[in-house]
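Subject: Model for your files

Hello,

Here is the model we talked about passing on. Please keep it with the notes that follow.

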Amino acid sequence: MRRQLLTIVYAVSASAFLSPTHIRPKPFTMISPKVSVTTPTASHDGTPSEEVVRRYFEGVTQKDPVMLRSCFDDTATILDVCGSNSERTVNSQDMVQRCMEFVGAHPDCSVRFHYGPCRQARDDGDGSEEGEWVVAHWYETGNWSGASCGIPPPNPVQAMKCEGQTRFWVSNDKIQRLVVTRTFTDWEREYQRRQSPPPFPELDTNTNDDSSLKRKYDDGAKLKRE
């Protein structure tokens with residue numbers, strides 16, 4: 001579960017979330033942004049929904065858990081396209097914690113935008129559900145220079161490469177749902193590797209007992225999880 005949460009560090013949570021059947025992703029039409037934005041702190045004139053999404057990314061850049069938490073209620077639904085590719089509900093405080101673990105490994109992380117955050121035109125039914133989609137094509141600059149989750153930084157430090165596109169469903173000035181497509185940093189890949197069970201059981205040359213092999217595999221998987 002922790003590994004799944006980490007794969008979506010740019011998709012924190014909320015409590016009054018909508019049913020996935022009400023807001024299932026569909027092809028969408030962009031509304032042209034009013035200004036060109038390259039950083040979360042650049043001057044802008046956005047809608048309230050766009051401002052919530054912008055504040056979330058600014059919370060990442062500022063490493064501010066209070067700012068991050070303010071963007072959500074208690075839970076949110078998340079569709080992680082590049083990870084589990086399944087929709088699930090997560091606790092927002094857990095998501096904030098995962099995000100802080102990420103910035104702990106990348107203390108100079110800064111979020112910038114190729115596009116957005118910008119609301120999209122409604123094309124998901126009759127518009128009876130209150131809220132709107134906001135989309136952002138973002139990327140991060142910085143380095144893997146910090147230790148986090150027991151994983152030390154490389155020596156010398158290593159530049160991070162990470163970008164993605166996220167669609168945020170915003171209602172009542174809170175992010176309720178996220179659809180995330182993104183790449184992963186080397187620290188995240190190492191974290192995921194440590195959380196995964198070993199791919200093959202260790203061969204015990206002293207016995208042909210299959211149960212012995214299974215025990216070795218299960219024990220290895222348990223150690224990885226711990």
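Below are the notes on confidence, then on the sheet and the helix against it.

This is a predicted model, in which local features need pLDDT of at least 70 and side-chain atom pairs count only at pLDDT 80 or more, while totals for chains, interfaces and linings use all residues. Residues are numbered from 1 along each chain as its sequence is written, and side-chain values use heavy atoms, with hydrogens and water left out.

Confidence. The protein chain has an average pLDDT (the predictor's confidence in each residue, from 0 to 100) of 76, and 63% of the residues score at least 70. Over residues 1–43 the pLDDT is below 50, yet this stretch has 150 contacts (heavy atoms within 4.5 Å) in the model beyond near neighbours in sequence. Residues 221–226 also stay under 50, with 9 contacts beyond four places in sequence. Among the elements (DSSP runs numbered from the N terminus: helices are H or I, at least four residues, and strands E, at least two), mean pLDDT is lowest in helix 1 (residues 2–6), at 48, and highest in strand 5 (residues 143–144), at 97.

Sheet. Six strands form an open sheet with mixed pairing (at least two DSSP bridges between two strands) in the order 2-1-8-7-4-3. Strand 2 (87–91) and strand 3 (110–119) each have a single partner strand, so one side of each lacks a neighbour in the sheet. Strand 1 (residues 75–80) pairs with strand 2 in the antiparallel sense over 5 bridges; Leu 79 is opposite Glu 87 of strand 2.

Helix. Packed on the sheet is helix 2 (residues 48–62), which touches strand 3, strand 4 (132–141), strand 7 (162–171) and strand 8 (174–182). The direction of helix 2 makes about 170° with that of strand 3 (axes are lines fitted to C-alpha atoms, for helices over the stretch in contact, and angles run from 0 to 180 degrees between N-to-C directions).

Regards
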